[in-house]
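Got the viewer open? Here is a quick, informal tour of the chain, going from the overall fold down to a few single residues.

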Amino acid sequence: MKPYIVKRSKIDNLGLYATKNIRKGTRIIEYKGKVITVKETEKNPKYDNGKAIYLFNLNKRYDLDGDFKFNTARLINHSCDPNCEVYGTGLKIWVHAIKDISKGEEFSYDYGFNFDEDYKNYPCRCKSKNCCGFIVREGSRWRLKKKKKQK
Ligand SMILES: [Zn+2]
């Protein structure tokens, strides 16, 4: 049995849900895509906004573009309190559990978006206690708090 199932999500459109209890550290699903060179990424306007949701850097030379229908893992939503992280070895990456996950829970990871002037175009509906309201990577959320205070 696959450890995941695609279902309508409370966060956004579709999501992936656990079909069984999963231990922290477990590989859940391969994040599949096309391996492209970092040079190609730099040249292609498709990736030119720092918000390339489906783009992962593999190493100095290669990126992985997961923006394909066959990549089921692309349906995983962002959360401000995620239970997964995407990493791998060589040219393969996997979605790993970073917490114990119970059957029926939705998988999520931090999309890692930079904080910049168009953050408002990416609202977050993860509903976690620490949700900052927008899809911004953990390390940059303090900027958002600062902005709120200024208003
Ligand atoms: Zn959130």
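What follows covers the overall layout, then the nonpolar cores, then two residues outside them.

**Overall layout**

Keep in mind that this is a predicted model. The protein chain has two helices and 10 strands. Walk along the sequence and you meet them in the pattern β-β-β-β-α-β-β-β-β-β-β-α.

As for size, the C-alpha atoms fill a box of roughly 50 × 40 × 25 Å along the principal axes. The radius of gyration is 16 Å, which agrees with the value near 15 Å for a compact globule, because the protein chain has 151 residues. Buried residues make up 26% of those 151. Among contacts with a separation of 6 or more, 63% link residues 24 or more positions apart.

**The cores**

Which residues have the most contacts inside the largest nonpolar core? They are Ile-28, Ile-76, Cys-84, Val-95 and Phe-107, in a core of 17 residues. Strand S3 (27–31), strand S8 (84–89) and strand S9 (92–97) each supply at least two residues of this core.

Phe-107 is a good one to click on. Leaving out residues up to four places away in sequence, Phe-107 touches Ile-28, Ile-76, Cys-84 and Val-95. The contact list of Phe-107 also takes in Tyr-4, Leu-16, Tyr-17, Ala-18 and Asn-83.

There is a second, separate core too, with 10 residues. Phe-115, Cys-126, Ile-135 and Val-136 are among them.

**Two residues to look up**

Ile-36 sits in strand S4 (residues 34–37). Is Ile-36 buried or partly exposed? Ile-36 counts as partly exposed because 16 other C-beta atoms lie within 10 Å, and a residue needs 20 or more to be buried. Beyond residues up to four places away in sequence, Ile-36 touches Thr-41, Tyr-62, Asp-63 and Asp-65.

Lys-10 is found in the loop between strand S1 (4–8) and strand S2 (14–18). Lys-10 is exposed, because 11 other C-beta atoms lie within 10 Å and the cut-off for exposed is 12 or fewer.

Each of these two residues also has a partner further along the chain, with the C-alpha distances listed here.

| Pair | Apart in sequence | C-alpha to C-alpha |
|---|---|---|
| Ile-36 and Leu-58 | 22 residues | 9.7 Å |
| Lys-10 and Glu-106 | 96 residues | 9.1 Å |

Note on methods. Residues are numbered from 1 along each chain as its sequence is written. This is a predicted model: local features need pLDDT of at least 70, side-chain atom pairs count only at pLDDT 80 or more; totals for chains, interfaces and linings use all residues. Helices (H or I, at least four residues) and strands (E, at least two) are DSSP runs, numbered from the N terminus. The radius of gyration is taken over C-alpha atoms; the globule rule is 2.2 Å times the number of residues to the power 0.38. Two residues are in contact if their C-beta atoms, placed from the backbone, lie within 7 Å. A nonpolar core is a set of buried Ala, Val, Leu, Ile, Met, Phe, Trp, Tyr and Cys residues joined through C-beta atoms within 7 Å.
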